[in-house]
Amino acid sequence: MEWVDAAKSHRLDLPSFTCTTAKPRSGGRTLPHPKPWEWEVQAFIRRLRPPLAGEVLLLGIAQRRIASVVNLAYYTVERTPVTFIRAIAVSVEWRGQGGSLADETIVHAIRRAGSDLSALGFNRALAAGHVAPSNTPGQRLLERSGFRRTAESDSVQRWERPFSW
């Protein structure tokens, strides 16, 4: 896997990035997607137009195609830098590997955040992200990566993990 910062040249590829199945149909009607969080993340990623001001968009490239995407935003809370994972997704072409590419993607995102924040003089930070309560695979990914659920509502869970370098 080659990791690259998304560039203007990737604007042509992102609108066709596919990390989920099509919405099901019945009797000519389009039905709700069985995994709406995947549909929302896919739509979000497809709308991105790199380069992004104040954010990082990393692409995992395999066989000259986008295999994985992660979007990071940085902010501070009481002088603690926070790396917010806005979206993380693996292409349907690269799924079915027991989560290994998703794991690699989040590890690379944390390393990148550490590098970016180190350049600003920090040596520790908090990684955070939101997950839909019904997104069990996303929750398992974050658990494997050392995140813990810190807040929950009917529509979203907040997951956090301190990290240092």
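Let me begin with the lining of the largest pocket, which by class has 21 nonpolar, ten polar and seven charged residues, where Ala, Val, Leu, Ile, Met, Phe, Trp, Tyr, Cys and Pro count as nonpolar, Asp, Glu, Lys and Arg as charged, and the others, Gly among them, as polar. Please keep in mind that this is a predicted model, in which local features need pLDDT of at least 70 and side-chain atom pairs count only at pLDDT 80 or more, while totals for chains, interfaces and linings use all residues. Residues are numbered from 1 along each chain as its sequence is written, and side-chain values use heavy atoms, with hydrogens and water left out.

The largest pocket has a volume of about 940 Å³, and of the 38 residues that line this pocket, the closest to its centre are Trp37, Val41, Ile88, Asn135 and Gly138. The elements that give two or more residues to its lining are helix 1 (36-47), strand 6, helix 2 (100-118), strand 7 (124-131) and helix 3 (136-144). I should say what the words mean: a pocket is, on a 1 Å grid over the protein atoms alone, an open set of points where a 1.4 Å probe fits, with protein on both sides within 12 Å along at least five of seven lines, and lining residues have an atom within 4 Å of a point. Grid points are joined across faces, edges and corners, and a volume is the space filled by probe spheres set on the points. Helices (H or I, at least four residues) and strands (E, at least two) are DSSP runs, numbered from the N terminus.

The second largest pocket has a volume of about 200 Å³, and the residues that line it include His10, Phe17, Ile61, Arg65, Ile66 and Glu93.

Two of those names, Ile61 and Ile66, return when we turn to the strands, because Ile66 in strand 5 is the bridge partner of Ile61, and two strands pair if DSSP finds at least two bridges between them. Strand 4 (residues 55-62) and strand 5 (residues 65-77) run antiparallel and are joined by eight bridges, and in their hairpin, which has two residues between the strands, Gln63 takes a positive phi near 50 degrees. Strand 5 is also joined to strand 6 (residues 80-90), again antiparallel, by ten bridges, with Ile85 in strand 6 as the bridge partner of Leu72.Which pairs of charged side chains hold our attention next? A search of the whole structure finds eight salt bridges, each being a side-chain nitrogen of Lys or Arg within 4 Å of a carboxyl oxygen of Asp or Glu. Among them, Glu38 pairs with Arg95, the closest N and O atoms being 2.9 Å apart, and this pair links helix 1 to the loop between strand 6 and helix 2, 57 residues apart. Glu38 is buried, with a relative accessible area of 9%, whereas Arg95, at 41%, is partly exposed; buried means under 20%, exposed over 50%, and partly exposed in between (1.4 Å probe, protein chains only).

Finally, the side chains of Glu93 and Arg65 meet in a salt bridge (2.7 Å, N to O), and since Glu93 lies in the loop between strand 6 and helix 2 and Arg65 in strand 5, the pair ties together parts that are 28 residues apart in sequence.
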